[in-house]
Every structure is written in structure tokens, then in C-alpha cells.
Amino acid sequence: MSWSSDEMNLWDWDKAWECTQTFKCKHSGYICQVMFNPKNSNSFVTASANHMIEVWDFDSPQCKYTLSGHWDRVNCLDFFTHDNQQYLITGSSDCSAKIWDMHSNMCTHTLHASMSPVMSVMFHPNLQVLITGLEDGTVYLWSSTNFRLERIINPPVIEPPAWGFGWLYNIFSSPVSEHVWGLACSMQSEGFVFGRGETVAMVDVSNVNNQEESSHHSVPQIRADTTTQLIDNSVLLEVHPSDLRFPLQPHKSTTCSLDLTNHTYERVAFRLVQKNKKSHSFGEEEDSLLSNVPIYGFIASGSTYTLVVTTKEWPDQGEDTSLDLLLQSSISGDKFIVPFENETECVDLFEELKEMGNVVHELTLKAVFYAQEEVTREIISATKKVDALGFGNSLVCLDAHPTETW
């Protein structure tokens, strides 16, 4: 399968590489990876720059359905199987990898352990681990059964050659080009290889001192430190920010994102509700200000879950006000391994966990609603200049002087 411009072409080996089928891509953005489904010879999946994962089959030239959840370019994908159930792992420039259940077409887990884009993903069949390669050169190993972070292979520091010109070496060894651009393994091996920058590294997972062989003969062999960064913590979820701020915009709803990070080795259930109910300056009850609270769900071990809290449309005038939100969290174990269908199931789970002796952590968050001042602005127009070829000049950068009024 190949992609070009706005279509994909299927080429048949046994027919002298004849193009036997064409698939039309309606979206804007190039395709980053295409992969045939190993369990369904009539299907394939694409990862594209328009944030989407698209599932296709050979019965139609159009996309069958899409998997949406990433908010930036989807760079890579790979299939894997657990308990006879097929899953898909995808890596994105939004700094996360997601696990998709191909039976329900839903995202079941989000793997998020770094602020670097995920450039490559792979399932290792012999080790039963998922491997993610990041733009900063780091490689993460995750369990494919419970999706816990098991190992981190950090990028090593390469010293300049002994023959001098260190400054020149540093220029051509910029860390910008050190992202992990490929992952591969042998079916008979318990190790794997990955490409990083201008090197190909061979990693023996059973050996803590993983050796990498560089393609530069002048650079000696280097070692990657293998450590894990997740630790047990009495606080189940790291919350950012602690205050949710919503600007008042007449006749518009506004949103604020809330990141919940699970630092434990267990699955955590959470529930975000309004803590109190009282009248505010609009003459309505506070529970009418937020349109999608309560919010509830599960967060996998080592993952970050982003909640998008949304307000209702504001009236013509509004004054500053605030309300308290309550975030409840508890280790859920194997209870409710499927998503909640409604809030009642979530409430029942928390009651059951309390009866079992599980601690339910509670954290109060502040939701602040403030009047947004009108922004004054001045449009400065300049005479459009046209170069010799007839192209207009676009403004690509600007700066304000720190001391002068320039």
C-alpha cells in the first residue's frame, strides 16, 4: 500500500505490481503510516497528520470509520493481541500513546510519561511489552497486560571524539536529530533495535547495561541507563491546575482543561462533582454553570487523563464568582474493567470500595468565573511589498523592545 497526494494505491506482487485498487483520502494532511491488519486480511489502518486513525477495508474506496482521541499528528501505530483480543497502539505528537480496543473501537488506555512527541511504537511478541520511542531519544517499555511502565532507556551522552574540533562535532550532533525514528525486533530474539539520530542501537532487555553500536566509527560504544521513574505515592492523582479559570463571554460557553496524572502502579477510578450548591449573582443555582459535570472514569497506571470542563452559555452580563469542585479518587483494581455507562455505576463503585476498606481520596478544586475585559487593539497596516517574482511578503516573526516603545 502506498500513499500519494489524496489517494492510496494497492499494488499486487503476483500481478507484476499492478495497481489493483485505489482508496480516496478526503481529509487534509499526509499519511504517516499504513499497516495491514494481521488478523483480517481484508483490512488496514492509517495514521495521518490530521490527528485521526482511519480503518479501511477492501470493499469500499472510502474510509470505514475513524478513531479519534489524539489532538496532534498521529505518527505511528502497531497491532497487538492480549487474551485473544486485538488492540492497536498509536503514537502521536501530542506526547501520548493510546491503546484502542479493535472490537469496541474505543480508547481504553493512554500512555503518557513524558512531554516529548511519540515518534515510533512497536509490540514485542516474545517479551509481551509495548515499546514507544520519543523525539527526545528516550525509549519506554510498557507491559502489554496492565500497561504499566516497566523500563526507561534514557538517551546517552556522546562525548566528542578525542581528535579535537569538539565544537564542530557538537554542531553536527545536535540533539534535535536524535529522535527515535524506528523500532524493530526479531521473532527469535528477546531484544530489539531502534534507530536514533544517525545510529542504530541494539538493546538486550535482559541485560541492564544495554549496549548500543554507533554507525560513527569514531564514536566509542555507549551505554544506556535503564531506570524506572514511577514510584508509589500516597496521593493517587497529580492534579494540574488546582484552580480552573473560566472567562465570562456573553452568549458563549467556555472550557478549561484539567490534567489528572496517575502516579501509582494501580488503576484509579475518579469522579469530579460540584461540592456545594448555592445561589450566585445570576439568580441561578451553581450547578447550572457547568454543563458536563459530573465527570467520571478510570485512569490507567502511569497515564495522564485530560478532562475538558465546559460551562453553559453566559447571559448578557456577569459578575465574578466561584464554586468548589470535589475530585474523588480511589484504587479500583479489577472492578469495572469497562467504562461506566452512567454516574450511578460510578457512585456504586465508590460505595463498594469504601465497604471493602479502600481509601477514597478527596481534593477540593476551585472553579473561578471572571469577567473578561474587552481587549483593545490597533491594526497597523503597511504597504504590501511584492518581490521580483510577484510573491507577497508574509510576516513570520516579531519582537517588542524591552525598554523602548518600539
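**A walk through the sheets and the pocket**

Let's start with strand S5 (residues 43–48), which runs antiparallel to S4 and is joined to it by five bridges. Strands here are DSSP runs of E at least two residues long, numbered from the N terminus. Residues are numbered from 1 along each chain as its sequence is written, and this is a predicted model in which local features need pLDDT of at least 70, side-chain atom pairs count only at pLDDT 80 or more, and totals for chains, interfaces and linings use all residues. Side-chain values use heavy atoms, with hydrogens and water left out. To find the S4–S5 match by eye, look for Ile31, which sits opposite Ser48 in S5.

Zoom out and these two strands belong to an open sheet of four, in the order S4-S5-S6-S7, paired antiparallel (a pair needs at least two DSSP bridges). Strand S4 (31–36) and strand S7 (65–68) each have a single partner strand, so at these edges one side has no neighbour in the sheet. From one strand to the next, the twist averages 20 degrees (axes are lines fitted to C-alpha atoms, with angles from 0 to 180 degrees between N-to-C directions). On the way from S5 to strand S6 (52–57) the chain makes a loop that contains His51. The phi of His51 is positive, near 80 degrees, although this residue is not glycine. Most residues other than glycine have a negative phi.

Further along the chain there is an open sheet of three strands, ordered S16-S17-S18 and again antiparallel. Its edges are strand S16 (180–184) and strand S18 (199–204); each has a single partner strand, so one side of each is left without a neighbour in the sheet. The twist in this sheet averages 20 degrees between successive strands. Strand S17 (residues 191–196) is held to S18 by six bridges, and Arg196 faces Thr199 of S18 across the pairing.

Now for the largest pocket, which holds about 1300 Å³ of space. (A pocket is an open set of 1 Å grid points with protein on both sides within 12 Å along at least five of seven lines, a 1.4 Å probe fits at its points, and lining residues have an atom within 4 Å of one; the volume is that filled by probe spheres set on the points.) Its lining counts 42 residues, with Cys107, Thr108, His109, Thr110 and Phe298 nearest the centre. Strands S10 (97–101), S11 (106–111), S26 (295–299) and S27 (304–310) each give two or more residues to the lining, and S11 has the largest share, with five. Domain 1 (7–159 + 172–204) and domain 2 (237–275 + 289–335 + 343–371) both contribute to the lining, so the pocket lies between them. Those domain bounds come from an automatic or database assignment.

Two peptide bonds deserve a look. His240 and Pro241 are joined by a cis bond with omega about -5 degrees; Pro241 is in the loop between strand S22 (237–240) and strand S23 (243–248). The bond from Val293 to Pro294 is also cis, with omega near 15 degrees, and Pro294 lies in the loop between strand S25 (268–274) and S26. Most peptide bonds are trans.

Finally, there are five salt bridges in the structure (a Lys or Arg side-chain nitrogen within 4 Å of an Asp or Glu carboxyl oxygen). One of them pairs Glu7 with Lys24, whose closest N and O atoms are 3.0 Å apart. Glu7 is in strand S2 (residues 7–12) and Lys24 in strand S3 (residues 18–24), 17 residues apart, and the pair links distant parts of the chain.
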